[in-house]
Amino acid sequence: MQSGELFPNFRRMRMLRNWGGHRRRHAGPFSIIAKTPVPGLYVNCGWGTGGFKATPGAAHVFAWTIARDEPHPINAPFTIERFRDGYLIDEAAAAAVAH
């Protein structure tokens, strides 16, 4: 089913640009920089809307994590397990964004 069938007024709508995705709106960020339970598998993901600003620093600590097979002190809290355990990271001052 197309949107024009559900919303007939949309048939005349013209879009200049479109974006789809999530934008975090809670106390703990979604970012994960960690080794996983799978041997040799590491993840650096979930940056949301401001990730491009964190890329240089994230790359540094991610390289450390991969090379030493242990988390850098900066990215140690950014594990996938924090979602299971309910541990939130407060990085409001570090994010430098107003959301």
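In the predicted model, aspartate 69 and lysine 35 are joined by a salt bridge, in which the closest N and O atoms lie 3.4 Å apart. This pair ties together distant parts of the chain, since aspartate 69 sits in the loop between helix 2 and helix 3 (81-85) whereas lysine 35 belongs to strand 1, the two residues being 34 positions apart. Neither partner falls at an extreme of accessibility: aspartate 69 has a relative accessible area of 39% and is therefore partly exposed, and lysine 35, at 35%, is likewise assigned to the partly exposed class. The backbone of aspartate 69 also deserves mention, as its phi is positive, at about 55°, although the residue is not a glycine.

The salt bridge just described is one of two in the structure. The other is formed by the side chains of arginine 84 and aspartate 85, with an N to O distance of 2.9 Å. Both arginine 84 and aspartate 85 are exposed, whereas lysine 35 is partly exposed because its relative accessibility is 35%, a value between the limits of 20% and 50%.

With regard to the overall architecture, the chain contains four helices and two strands, which follow one another from the N terminus in the order α-β-β-α-α-α. Of the 99 residues in the chain, 22% are buried. Among the contacts with a sequence separation of 6 or more, 49% are made by residues 24 or more positions apart. The chain exposes about 7600 Å², and 60% of this area is supplied by carbon and sulfur atoms.

The confidence of the prediction varies along the chain. The mean pLDDT over the chain is 76, and 66% of the residues score at least 70. When the individual elements are considered, strand 1 has the highest mean pLDDT, at 91, and helix 4 (residues 92-95) the lowest, at 50.

The largest nonpolar core is made up of five residues, namely Ile33, Tyr42, Ala58, Val61 and Phe62. Helix 2 (residues 51-68) is the main contributor to this core, providing three residues. Tyrosine 42, a member of the core, is in contact with Ala34, Lys35, Phe62, Thr65, Ile66 and Asp69 once neighbours within four places in sequence are set aside. The contacts of tyrosine 42 thus include both Lys35 and Asp69, the two residues that form the salt bridge with a closest N to O distance of 3.4 Å.

Valine 43 is located in strand 2 (residues 42-45) and, with a relative accessibility of 24%, is classed as partly exposed. Because burial requires a relative accessible area under 20%, valine 43 at 24% does not count as buried. With residues up to four places away in sequence left out, valine 43 touches Ile32, Ile33, Ala34, Thr36 and Phe62, of which Ile33 and Phe62 are listed in the largest nonpolar core. The C-alpha atoms of valine 43 and isoleucine 66 are 9.7 Å apart in space, although 23 residues separate the two in sequence.

Alanine 34, found in strand 1, has a relative accessible area of 7% and is therefore buried. Beyond its neighbours within four places in sequence, alanine 34 is in contact with Tyr42, Val43, Asn75, Phe78 and Thr79. A further long-range relation is that between alanine 34 and glutamate 81, which are 47 residues apart in sequence and 9.8 Å apart from C-alpha to C-alpha.

At the surface, Leu6, Phe7, Phe10 and Met13 form a nonpolar patch whose members together have about 400 Å² of accessible area. Methionine 13, one of these residues, is placed in the loop between helix 1 (3-6) and strand 1 (32-35), and its relative accessibility of 42% puts the residue in the partly exposed class. Because patch residues must have over 30% relative accessible area, the 42% of methionine 13 meets this requirement.

How values were computed. Residues numbered from 1 in each chain as written. Predicted model: local features only at pLDDT ≥ 70, side-chain atom pairs only at ≥ 80, totals over all residues. Heavy atoms only, no water. Patch = residues over 30% accessible without salt bridge, like charges linked within 9 Å, V, L, I, M, F, W, Y side chains within 5 Å. Areas by Shrake-Rupley, 256 points an atom, 1.4 Å probe, with all protein chains shown as cover. Salt bridge = Lys/Arg side-chain N within 4 Å of Asp/Glu carboxyl O. Buried < 20%, exposed > 50% of the residue type's maximum accessible area, 1.4 Å probe, protein only. Core = buried A, V, L, I, M, F, W, Y, C linked by side-chain atoms within 4.5 Å. Contact = heavy atoms within 4.5 Å. pLDDT = per-residue confidence, 0-100.
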